[in-house]
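Biologist: Could you take me through the pockets of this protein, slowly and in one go? I would like to know what lines them.

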Amino acid sequence: MSKAFPPRLHVILARDAKVAVVFRRGPSKSVCTMLWDRKRDTFRMGQWFRGRVYERRADLSADGKFLIYFAMNGRPNTETGGSWTAISRTPWMKAIGLLGKGDCWHGGGLFTGDRQYWLNDGYGHRSIRDSSQVRRDTTYQPARSFGGECLNVYYPRLLRDGWNLIEERGHRMDSATVFERPLGHGWVLRKIAHEQVGAPEGKGCYWDEHELVHNEKGAVLQHPDWEWADRDGDSVLWGNGGCLYRARINRSHGVGTPKVLHDFNEMKFEAIPAPY
């Protein structure tokens with residue numbers, strides 16, 4: 001009998017609005033999106049999808065209104081060829097802009113403005129549906145390339161959103177890129193982003209773990225089970241065991257008493273239409 005794992009959580013925070021999008025995956029070929037109101041810590045359902053969404057190739061517009069993502073359902077005889085980049089209205093997944101791909105090289109993108117996006121194009125997309133609500137930015141290029149697929153979107157997104165690249169460790173088949181962002185009171189949130197062939201059971205080839213570091217005190221508090229984490233004002237947010245947590249930044253211990261914001265474990269697939 002295969003081991004059961006909690007749902008995987010990945011979150012993108014809007015830069016100029018107190019909202020976020022949560023990607024909740026599990027089982028492996030079922031994923032849903034949810035809108036997180038970070039001011040009230042409430043959650044609203046988006047849509048479910050049968051297939052794979054590559055959350056590290058996704059982005060949220062700065063005002064939180066639009067989402068870009070790369071997905072695959074493995075159906076080559078459809079208009080998308082079995083994989084595609086889509087732009088949708090947050091938090092739904094129904095495409096207002098659709099570009100067919102057919103393979104999993106490259107795909108996804110980044111928002112360069114509230115209504116402009118850069119496409120992680122590489123080996124080529126086919127335009128299927130255009131939208132007057134958003135337009136492609138053909139002049140932008142990330143300052144550095146991290147390869148063609150997930151990392152070429154994910155790492156530039158981290159750098160844009162306030163993380164600092166500190167170190168690149170390991171070798172080609174088992175490496176990690178280390179990012180940090182200040183929390184205050186001398187504490188730093190460290191993200192160790194693994195790029196690993198033969199990853200631990202229950203992990204993909206790309207997975208993250210986190211530490212809280214106080215350089216002056218020499219303290220390193222390891223949180224290997226935090227699969228996603230970020231700063232939100234005077235709080236640290238993280239995902240662990242299929243739940244999202246918030247805790248205040250604490251001068252002595254890094255974070256204070258955690259509060260469970262939402263438990264995603266018992267969610268089941270539902271066919272939910274978008275309201276557009």
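Modeller: Happy to; below I go through the two pockets in turn and then add a word on a helix. Please keep in mind that this is a predicted model.

Let's start with the largest pocket, which has a volume of about 590 Å³. Its lining is made up of 28 residues, and those closest to the centre are Arg8, Gly202, Lys203, Gly204 and Glu227. Three elements give two or more residues to this lining: strand E1 (8–13), strand E2 (19–25) and strand E17 (206–214). By residue class, the lining of the largest pocket holds 12 nonpolar, 6 polar and 10 charged residues.

Now for the second largest pocket, with a volume of about 410 Å³. Here 20 residues form the lining, and Phe5, Arg25, Gly26, Pro27 and Ser28 lie nearest the centre. Strand E2 turns up again, since E2 and strand E4 (42–50) each supply at least two residues of this lining. The classes in the second largest pocket come to 8 nonpolar, 6 polar and 6 charged.

Finally, the helix. Helix H1 (residues 151–160) is largely enclosed by the rest of the structure, because 8 of its 10 residues are buried. The buried residues are Leu151, Asn152, Val153, Tyr154, Tyr155, Pro156, Arg157 and Leu158. After H1 comes Gly162, with a positive phi near 110 degrees.

Notes. Residues are numbered from 1 along each chain as its sequence is written. This is a predicted model: local features need pLDDT of at least 70, side-chain atom pairs count only at pLDDT 80 or more; totals for chains, interfaces and linings use all residues. Side-chain values use heavy atoms; hydrogens and water are left out. On a 1 Å grid over the protein atoms alone, a cavity is a set of points where a 1.4 Å probe fits but cannot get out, and a pocket is an open set with protein on both sides within 12 Å along at least five of seven lines; lining residues have an atom within 4 Å of a point. Grid points are joined across faces, edges and corners, and a volume is the space filled by probe spheres set on the points. Helices (H or I, at least four residues) and strands (E, at least two) are DSSP runs, numbered from the N terminus. Ala, Val, Leu, Ile, Met, Phe, Trp, Tyr, Cys and Pro count as nonpolar, Asp, Glu, Lys and Arg as charged, and the others, Gly among them, as polar. Buried means under 20% relative accessible area, exposed over 50%, partly exposed in between (1.4 Å probe, protein chains only).
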